[in-house]
Amino acid sequence: MTDSPCNILLVEDDTDLRESILRYLALEGIHATGAASAKEFYLRLGQASFDVAILDIGLPDQSGFVLADYLRQNTDSGIIILTAHSAIQEKVQGYAAGADLYLVKPVDMEGLSAAIKSMASRRTGNLDEPRASPNLWLLDRSAWRLISPSGTSIMLTGKEYTFLSLLALADRKQLGRRELLEAMGYRDDAYVGRALDNIVLRIRNKIRDQTGMDDVIHTFHSVGFCFSAELQVR
C-alpha cells in the first residue's frame with residue numbers, strides 16, 4: 001500500500017478488465033476513475049483533472065489515439081496507451097498522438113502501477129521517482145531531438161526521429177530493414193535501402209560530432225539495426 005495522491009483516469013470498454021485494473025490500483029492506494037467510452041472520457045475531464053490517463057485504442061465511439069491527442073493538446077496529464085494492438089506501426093501512431101508509454105495487453109499490473117507512479121511523480125513532485133540509468137538516452141518528441149546521457153541535445157530531422165523512435169520501441173532488439181522501411185512509409189527497394197543507410201549515417205555523425213561518444217546504433221549487415229543503449233521516448 002502507498003499514500004499516493006495521484007488521480008488516474010482509466011478509459012477501457014471491457015467491463016471486467018476495467019474493474020480489475022481499478023481494484024488493483026485501489027489496493028496500491030492509487031485513486032482511479034473509470035470510463036467506458038470516449039463520451040464518458042470527456043465527461044470525466046470536465047469534472048476533475050488527472051495526473052495520468054490510461055487509454056484503450058478500440059473504444060466504441062472514438063479511437064484512443066484521438067483521446068491521446070486531445071489530452072496532449074489540452075492538459076499536462078501523463079498518457080499510457082493500453083491495448084491489444086501490438087504492431088509497430090500502431091505503436092508509432094500512439095507515440096505520435098502523445099502517449100508517454102504504450103503497453104500491450106495482457107498487462108502486468110505491478111508494472112502498470114510503477115509506470116503510473118513514475119509519471120505522476122514528474123507531474124506533482126510528490127512521489128519518489130526511480131533514478132534514471134546513467135546510460136539512458138532520451139528521445140524528445142516535442143522538439144525532435146536526441147538527448148545523450150550527459151545531457152547533450154542533438155537535433156533531428158523528421159525521418160531521423162522516426163527511425164530512432166522505432167529503435168526505441170524495439171528496446172535494444174534488432175529491427176529488420178524491411179520492417180523499418182514499412183513502418184517509415186518507404187517501399188522496399190535498393191534505392192530506398194540506400195536512403196535508410198544515409199539516415200543512419202547522418203545520426204551516427206551527429207552523435208560522434210556533438211558528444212564524441214562511440215556508435216550506439218549497431219548494424220547487422222543486410223539485415224537490420226538496433227540501438228544498443230537504453231533509449232526512451234519522452
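This is a short tour of a predicted model, from the whole chain down to a few single residues.

**The chain as a whole**

Let's start with the big picture. The chain has 234 residues, and 44% of them are buried. Its secondary structure comes to eight helices and 12 strands. If you take the contacts in the chain with a separation of 6 or more, 60% of them are between residues 24 or more positions apart.

**The five-stranded sheet**

Now for the first sheet on our tour. It's an open sheet of five strands, laid out in the order E2-E1-E3-E4-E5, with parallel pairing. Strand E2 (31–35) and E5 sit at the edges, each pairing on one side only. On average, neighbouring strands here are turned by 20° against each other, with direction ignored.

A good strand to look at is E4, residues 78–83. Six of its six residues are buried, so E4 is largely enclosed by the rest of the structure. That goes for both faces: Gly78, Ile80 and Leu82 are buried on one side, and Ile79, Ile81 and Thr83 are buried on the other.

What does E4 pair with? One partner is strand E3 (residues 52–55), which runs parallel to E4 and is joined to it by four bridges. Along this pairing, Leu55 stands opposite Ile81 of E4. To get from E3 to E4, the chain goes through helix H3 (residues 64–74), making a right-handed β-α-β crossover.

Another partner is strand E5 (residues 101–104), again parallel to E4 and again with four bridges. Here Ile80 stands opposite Leu101 of E5. The chain gets from E4 to E5 by way of helix H4 (residues 88–97), and this β-α-β crossover is right-handed too. Another residue of E4, Thr83, has Val104 in E5 as its bridge partner.

**Helices lying on the sheets**

Helix H1 (residues 15–27) lies across strand E1 (7–11), E2 and E4. Helix H3, which we met between E3 and E4, packs on the sheet as well, touching E1, E3 and E4. A further helix, H6 (residues 158–170), lies across E9, E10 and E11, the strands of another sheet that comes up below. Here are the three helices side by side, each with the angle to one of the strands in question.

| Helix | Strands in contact | Angle to one strand |
|---|---|---|
| H1 (residues 15–27) | E1, E2 and E4 | about 170° to E2 |
| H3 | E1, E3 and E4 | about 165° to E3 |
| H6 (residues 158–170) | E9, E10 and E11 | about 75° to E11 |

**The three-stranded sheet**

Further along the chain there is an open sheet of three strands, in the order E9-E11-E10 and with antiparallel pairing. Its edge strands are E9 (175–176) and E10 (217–220), each pairing on one side only. E10 is joined by four bridges to strand E11 (residues 224–227), and the two run antiparallel. Within that pairing, Phe220 has Gly224 of E11 as its bridge partner.

**A cavity**

How many cavities of 30 Å³ or more does the structure hold? There's one. The largest cavity takes in about 30 Å³ of space. Its lining is made up of Leu167, Ala168, Asp171, Arg172, Phe227, Ala229, Glu230 and Leu231. Some of these names tie back to parts you've already seen: Leu167 and Ala168 fall within the range of helix H6 (residues 158–170), and Phe227 is within that of strand E11 (residues 224–227).

**Two serines**

To finish, let's look at a couple of single residues. Is Ser113 buried or exposed? Its relative accessibility is just 1%, under the 20% cut-off, so Ser113 counts as buried. You'll find Ser113 in helix H5 (residues 109–124). Leaving aside residues up to four places away in sequence, Ser113 touches Tyr24, Glu28 and Ile30. Of these, Tyr24 falls within the range of helix H1 (residues 15–27).

Where does Ser142 lie? This residue is in the loop between strand E6 (137–140) and strand E7 (145–147). Its relative accessible area is 67%, over the 50% cut-off, so Ser142 is exposed. Ser142 and Arg234 are 92 residues apart along the chain, yet their C-alpha atoms are separated by 8.2 Å.

Definitions and conventions: Residues numbered from 1 in each chain as written. Predicted model: local features only at pLDDT ≥ 70, side-chain atom pairs only at ≥ 80, totals over all residues. Heavy atoms only, no water. Buried < 20%, exposed > 50% of the residue type's maximum accessible area, 1.4 Å probe, protein only. Pairing = 2+ DSSP bridges. Right-handed = clockwise from strand over helix to strand, strands pointing away. Axes fitted to C-alpha atoms, helices over the stretch in contact; angles between N-to-C directions. Contact = heavy atoms within 4.5 Å. 1 Å grid on protein atoms, 1.4 Å probe; cavity = no way out; pocket = protein on both sides within 12 Å on 5 of 7 lines; lining within 4 Å. Points joined across faces, edges and corners; volume = space filled by probe spheres on them.
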